[in-house]
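Q: I would like to go through this model with you, a few points at a time. Could we begin once it is on display?

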Amino acid sequence: MTDPYRIPSPDSDPATSRAITSRHAARRPALSRGAFALRALLWLVLMASAVVNLIANSIGRAWSLGLPSGAVAIVCVAALIVHHVSRRKT
């Protein structure tokens with residue numbers, strides 16, 4: 001009797017491992033160009049604002065630059081989470 005909760009090793013049955021992989025790949029459609037561009041833009045803005053926030057906070061007195069860049073980073077993180085969750089539901 002086979003155990004339905006056991007993860008098969010690649011050596012045991014190649015047909016089963018391919019079927020599992022292809023089933024998971026078929027469940028999630030590929031990102032459209034717009035969604036991919038949005039996600040890439042959000043990541044780039046997040047990294048840039050994090051670097052600006054780090055530099056501004058290292059200077060010490062540049063809170064007028066560090067505070068907005070930190071807020072932008074938080075907004076980017078929230079937007080990435082919303083984008084991920086909305087994509088998971090479809």
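Q: Is V72 buried or partly exposed?
A: This is a predicted model, and in it V72 is partly exposed, because its relative accessible area is 37%. That value lies between the 20% and 50% cut-offs that bound the partly exposed class.

Q: Where is V72 placed?
A: V72 belongs to helix 3, which covers residues 63-89.

Q: Which residues make a nonpolar surface patch with V72?
A: L41 and V45 make the patch together with V72, and its area is about 220 Å².

Q: Back to helix 3: what should its 27 residues span?
A: At 1.5 Å a residue, helix 3 should span 39 Å. Its end C-alpha atoms are 39 Å apart, so the model agrees with the expected span.

Q: Which residues of helix 3 are buried?
A: The buried residues of helix 3 are G66, S69, G70, A73, C76, L80, H83 and R87.

Q: And what covers the buried residues of helix 3?
A: Helix 2 is included in what covers them.

Q: Which residues are in the largest nonpolar core?
A: The largest nonpolar core consists of five residues, namely L42, L46, A73, C76 and L80. Helix 2 and helix 3 are the elements that give two or more residues to this core.

Q: Which helix gives the most to this core?
A: Helix 3 gives the most, with three residues.

Q: What does L42 touch, leaving out residues up to four places away in sequence?
A: With those neighbours not counted, L42 touches C76, A79 and L80. Of these contacts, C76 and L80 also belong to the core, as does L42.

Q: Changing topic to N53: buried or exposed?
A: N53 counts as buried, because its relative accessibility is 18% and the class requires a value under 20%.

Q: Where is N53, and what does N53 touch?
A: N53 is in helix 2, residues 33-59. Not counting residues up to four places away in sequence, N53 touches G66, S69 and G70. Those contacts, G66, S69 and G70, are among the buried residues of helix 3.

Q: One last residue, H84: where is H84 found, and why does H84 count as partly exposed?
A: H84 is found in helix 3. H84 counts as partly exposed because its relative accessibility is 40%.

Q: How many residues apart are H84 and R39 in sequence, and what is the distance in space?
A: H84 and R39 are 45 residues apart in sequence, and their C-alpha atoms are 9.1 Å apart in space.

Note on methods. Residues numbered from 1 in each chain as written. Predicted model: local features only at pLDDT ≥ 70, side-chain atom pairs only at ≥ 80, totals over all residues. Heavy atoms only, no water. Patch = residues over 30% accessible without salt bridge, like charges linked within 9 Å, V, L, I, M, F, W, Y side chains within 5 Å. Areas by Shrake-Rupley, 256 points an atom, 1.4 Å probe, with all protein chains shown as cover. Salt bridge = Lys/Arg side-chain N within 4 Å of Asp/Glu carboxyl O. Helix = DSSP H or I, 4+ residues; strand = E, 2+ residues; numbered from the N terminus. Buried < 20%, exposed > 50% of the residue type's maximum accessible area, 1.4 Å probe, protein only. Contact = heavy atoms within 4.5 Å. Core = buried A, V, L, I, M, F, W, Y, C linked by side-chain atoms within 4.5 Å. Expected span 1.5 Å × (residues − 1).
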